[in-house]
Every structure is written in structure tokens, then in C-alpha cells.
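Q: Please take a close look at a single part of this model. Begin with the terms that are needed, and then connect that part with other details.

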Amino acid sequence: MVLIETKRLKKYFPVPSGHLHAVDDINLQINKGETLGIVGESGCGKSTLGRVILRLHEATSGEVLYDGMDINTFNASEMRHMRQIMQIIFQDPYASLNPRMTIGQSISEPLRLHKIYNKKNEIRERVEELMELVGLPKRSYNQYPHEFDGGRRQRVVIARALTINPKFIVCDEPVSALDVSIQAQILNLLMDLQKNMGLTYMFISHDLSVVKHISTNIGVMYLGQMIEKAPKKDIFRNPLHPYTIALLSAIPSINIKEKSKKIILKGEITSPINPKPGCRFAARCPFSIDICRAQIPKLIEVEKDHSVACYRYKEIQNKTLHYNII
């Protein structure tokens with residue numbers, strides 16, 4: 001069952017020289033109880049996509065469907081109800097917590113805003129229940145964010161996101177600022193919560209190894225566009241877009257006997273401000289031909305549930321095109 005769907009979703013930001021195409025014609029689906037991982041390099045529009053889906057940014061055009069309802073048409077009252085259903089976990093837990101509020105106050109704030117509980121003891125019980133759920137001791141209730149390390153601060157943010165029983169959560173690089181050992185704890189916590197509470201995630205990251213661990217399906221973005229999406233096993237076993245292949249080559253290997261094979265992308269990055277027609281990766285792609293620089297390739301399904309936006313995917317699939325690997 002599809003819970004979240006976008007149709008031709010666009011978000012352009014006005015700048016002095018035109019419009020910056022942060023999210024450009026994105027179509028995606030996320031099934032209930034699953035995780036869609038969104039990957040790509042910094043500045044590709046991952047976080048903006050998540051915020052547009054939640055209407056933290058208003059879309060320039062397109063639809064965002066929650067359970068078949070276009071939330072872009074909702075009024076303020078209807079969106080207030082949707083805030084209980086759709087939540088976000090931000091990248092920097094310290095920046096997303098009020099330093100003047102205790103942990104208990106931060107977690108209980110959504111309960112007070114939405115008037116879910118009226119009595120202080122009921123609010124306290126709910127907050128302590130959530131703290132226990134995410135692995136925080138009850139004695140932390142009256143502590144402040146600066147007294148915690150990054151991992152425990154992120155647990156506070158997760159608890160706050162769960163306070164009003166959401167169904168869909170955008171996880172915006174929730175582990176990128178944490179140590180590797182703490183990353184594993186937070187990822188396992190998110191997966192346990194998803195299993196026990198039936199949550200649906202959009203997990204945004206630039207780290208493919210992290211996305212592989214948690215995702216059901218993966219979408220690869222480049223300069224505002226979705227260039228490949230597939231089940232995670234297909235992305236890692238049979239990548240079809242040259243950019244996806246380059247990203248996968250950057251994953252560090254723990255096998256010291258195996259020589260690391262890296263693809264170094266060359267060429268200038270296309271400007272996302274008033275981009276010219278054609279594939280936005282063409283300037284850096286060693287396989288680009290004239291049509292790549294003249295027409296935007298459409299994202300088409302080439303195998304079951306595996307879509308790619310590339311004119312030369314068949315040659316890549318048949319291994320007739322090869323990168324120069326160092």
C-alpha cells in the first residue's frame with residue numbers, strides 16, 4: 001500500500017540570476033512500513049525534497065499525496081492535523097533543540113501544542129515512556145542539551161518526533177554528525193521503532209553504506225533530479241547510471257587485501273540555476289554523447305521496480321562501457 005507519493009514535484013528558489021532548481025520533476029512512491037533511502041552528493045536537493053514533502057517549504061508545482069490526499073491543497077487547520085502524522089528528524093540534534101529548554105520540556109512540547117494531554121502528570125508519564133523507548137534514563141528529564149553527547153541528543157530528537165504517534169518520518173541525515181559506533185546504535189533504534197510501531201521513513205543520507213543498512217528502496221538524486229531508483233539489492237548489484245556507479249565506488253572497503261577501485265569524476269558541475277536542456281550529469285560523464293547534452297533523459301523503468309534516467313544504460317548494463325578506474 002502506497003503511503004507517500006509525489007507527482008512532478010518541483011521546488012525552485014528565486015535568485016538574482018534566475019531560479020535555482022532544487023527539486024525538479026520528482027516522482028516517487030513510499031509503501032507503508034518501508035524505508036526509501038535518498039542519496040546523492042551535497043547540494044543535490046535531498047533535504048529540500050524532504051522539506052517540500054512535509055510542506056516546510058511550499059512546492060513550486062506538483063503534488064504530494066499522503067494516503068491519496070494532496071496535502072499541498074490543505075488549509076492551515078488541515079495541515080496542523082497532518083503535523084501529527086508527518087514528522088522530521090533533523091541532521092544536527094544540537095541545533096534542533098532549544099538550549100534553554102530541558103529535555104523533558106523539548107519532548108513534551110508537541111503534546112502541549114496539539115493539546116493531546118491536559119494534565120501535567122499525564123504529559124510527564126508520556127515523556128518518560130518515550131525516553132525509555134529510545135534508551136534515555138528518566139533522570140535526564142531535567143537536564144539540558146549541552147549536558148548530552150551527540151548520540152543522546154539525537155535520541156532526544158527521535159523521542160520528540162515520536163511524541164504524537166506519527167506514521168511517516170523524514171530522517172534528514174540523522175547519523176552523519178555521529179561517531180560510527182553511535183551511528184549503528186541510532187540506526188538499529190530507528191529500525192526497531194519502525195518494526196514495532198509500523199513507521200514509514202524517508203531516510204536522507206550521502207553515505208550509501210548507511211542507506212544500504214536501513215533502506216527498502218533507494219533513490220539517487222543529482223542536481224535536483226531523480227536519476228535512478230530501485231530496490232537496494234538491485235542498486236548495489238546492478239547499478240545502471242554512471243553517477244550511481246561512481247558513488248558506489250567511493251564506499252570504503254574493509255578488505256585490506258583487495259585494492260580499492262575508485263572512479264574520479266572530472267569536469268565542471270552543471271549550475272542548478274536556470275539549467276540548460278540535457279542531462280545534468282553530461283559534463284562529468286565519460287560516456288555522454290550529443291543527445292545527452294541536448295535532451296533531458298526521462299526516468300523510465302527498465303527492469304521490475306528499477307528505473308533509470310540515462311540514454312546509454314543498455315550499454316552499461318551489457319558491460320560494453322567501462323569507467324577508467326584508478
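A: A residue is called buried when its relative accessible area is under 20%, exposed when it is over 50%, and partly exposed in between, using a 1.4 Å probe and protein chains only. Helices (H or I, at least four residues) and strands (E, at least two) are runs assigned by DSSP and numbered from the N terminus.

The model is predicted, so local features need pLDDT of at least 70 and side-chain atom pairs count only at pLDDT 80 or more, while totals for chains, interfaces and linings use all residues. Residues are numbered from 1 along each chain as its sequence is written, and side-chain values use heavy atoms, with hydrogens and water left out.

The part chosen is helix H5, residues 150–162. The expected span of a helix is 1.5 Å times one less than its number of residues. For the 13 residues of H5 this gives 18 Å, and the end C-alpha atoms lie 19 Å apart, which agrees.

How many residues of H5 are buried? The helix is mostly covered, with 11 of its 13 residues buried. Among them are Val156, Val157, Ile158 and Leu162, but also Arg153, Arg155 and Arg160. The cover over these buried residues, judged by contact (heavy atoms within 4.5 Å), includes helices H3 (103–113), H4 (120–133) and H6 (180–197), together with strands S6 (86–89) and S7 (168–172).

The loop between H5 and S7 holds asparagine 165. Most residues other than glycine have a negative phi. Asparagine 165, however, has a positive phi near 55°. This residue is partly exposed, with a relative accessible area of 46%. Aspartate 305 also has a positive phi, of about 65°, although it is not a glycine. Its place is the loop between strands S11 (300–303) and S12 (306–308), and at 44% relative accessibility aspartate 305 is partly exposed.

Threonine 200 gives a view of a buried site, in strand S8 (residues 200–204). Its relative accessible area is 0%, so threonine 200 counts as buried. Setting aside residues up to four places away in sequence, the residues that threonine 200 touches include Ile30, Lys167, Phe168 and Gln194. A polar contact is a pair of N or O atoms within 3.5 Å; within protein, one must be able to donate a hydrogen and the other to accept it, and residues adjacent in sequence count only if both atoms are side-chain atoms. The side chain of threonine 200 reaches the backbone nitrogen of glycine 33 at 2.8 Å.

Cysteine residues offer a further check. A disulfide is a pair of cysteine sulfur atoms within 2.5 Å, and the count by this rule is zero. The sulfur of cysteine 44 has its closest cysteine sulfur in cysteine 279, 14 Å away, which is too far for a bond. Cysteine 292 is likewise in no disulfide, as the nearest cysteine sulfur, that of cysteine 279, is 6.2 Å away. Cysteine 44 is buried at 2% relative accessibility, and cysteine 292 is buried at 8%.

Finally, a charge sits over a ring if NZ of Lys or CZ of Arg is within 6 Å of the ring centre and within 35 degrees of the ring normal. Arginine 124 lies over the face of tyrosine 141 at 3.7 Å from the ring centre, and lysine 212 over that of phenylalanine 236 at 4.8 Å.
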